[in-house]
Amino acid sequence: MSVALLFPPGADPRSPYLALPSLAAFLRREGISVTMRDLNLEGLLYVLRQDNLNAARTKCVENMERFPQGERRDRLGWALLHGESLISSMDEAIESLRDPRKFYDPNCFNWARDCITVGANLAAASLPRSVYYDVVQIKYDVEGINPVYLSDLISGMDDPDANVFHDFYEQEVLSCLKLQEPTLVGISINNRQQILPGLMLARLLKKHGFFVVIGGTLYTKFTQQLQKRPAFFQHFCNGLIAYEGETALLELLTQLHGSHDFSSVPNYLYLDNQNTVRITSYHVEDLNTLPTPDFAGLPLDQYLACCLSRELTPYLQIKLTP
């Protein structure tokens, strides 16, 4: 049995979030093969590659002809004006945030953050739809898609014109998962900004036949509402783990390998044979028995903060790699 744990875009790229390493440590202790990918970091670095930024610039120029005036043209003009000179400097800007000396130089730090902001804006402005993406002031919004309304999510999550990460998901994520063939794919959605990129990813993977489980703090807050919305499960996931996920994931893997009795999986929401959303018993983990988070497999030297990339990476790898 194997698990792929994914953390989607729409979060701070300066350090890994603890949810995935915590789950990975527990499952690995139980003999489960676990792959972790921080797609928030990977997706940003993919978008900021010089070839992708040059392609985005070309599309922005083409979009200028479609929008002769108004707010959209102003956004395109701003992205082109500021992005033109920064594309060739993007690699330097990213490395500056990983370098201890430059990271603590306020002028260099602010320049690097501005470069990344411009790069993210350039990528978003290149899409046919109005998309707003930023990782300094965390943002992922699409004009015409309100994440509060399930109908908006259902109608918009298949649209590549609303997805900054469409090519990244198709080329770098989907292809790898097809080779890996995990028993299940877990997607952790923890904040509002992850809703659209996270559900776009979940929708794509579910369409390609993966057993998709959504977890994280955000949808844990809405279990009552989700019980009345089977369409959420029909379109985006096979199930949702609310609250704590260690024991739930382990039991879910057992059931997928055996009798498929999902009623025995704690903290779990799923569709039964009558397309009714069921929620199972509530379970609280004993923190004293949980292992130390395991970061093995995450690219700790790639995060956009010097403390991880230079000083702590060797320590973490030695201490936490099984």
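**Exercise 1. Classify the ring pair of Phe262 and Tyr268, and state how each residue is placed.**

Phe262 has a relative accessible area of 15%, so this residue is buried. The model is predicted. Tyr268 has 0% relative accessibility and therefore also counts as buried. Next, take the rings. Their centres lie 6.0 Å apart, and the planes of Phe262 and Tyr268 meet at 65 degrees. The cut-off for edge-to-face is over 60 degrees. The pair is therefore edge-to-face.

**Exercise 2. Classify the ring pair of Phe168 and Tyr169, then place it among the aromatic pairs.**

Begin with the total: the structure holds 17 aromatic pairs. In one of them, Phe168 and Tyr169 have ring centres 6.0 Å apart and planes at 40 degrees. Planes under 30 degrees apart would be stacked, and over 60 edge-to-face. The pair is therefore tilted. Both Phe168 and Tyr169 are buried. Now look at the links. Phe168 and Tyr169 belong to a cluster joined by ring pairs, together with Tyr46, Tyr133, Tyr140 and Phe165.

**Exercise 3. Locate His260 and Asn275, and describe their phi and exposure.**

Start with the general rule. Most residues other than glycine have a negative phi. His260 has a positive phi, near 60 degrees. His260 sits in the loop between helix 14 (246-257) and strand 8 (268-271). Its relative accessible area is 43%, so His260 is partly exposed.

Turn to Asn275. This residue is not a glycine, yet its phi is positive, about 60 degrees. Asn275 lies in the loop that runs between strand 8 and strand 9 (277-279). With a relative accessible area of 45%, Asn275 is partly exposed.

Methods. Residues are numbered from 1 along each chain as its sequence is written. This is a predicted model: local features need pLDDT of at least 70, side-chain atom pairs count only at pLDDT 80 or more; totals for chains, interfaces and linings use all residues. Side-chain values use heavy atoms; hydrogens and water are left out. Helices (H or I, at least four residues) and strands (E, at least two) are DSSP runs, numbered from the N terminus. Buried means under 20% relative accessible area, exposed over 50%, partly exposed in between (1.4 Å probe, protein chains only). Rings of Phe, Tyr and Trp (its six-membered ring) pair if their centres lie within 6.5 Å; planes under 30 degrees apart count as stacked, over 60 as edge-to-face and the rest as tilted.
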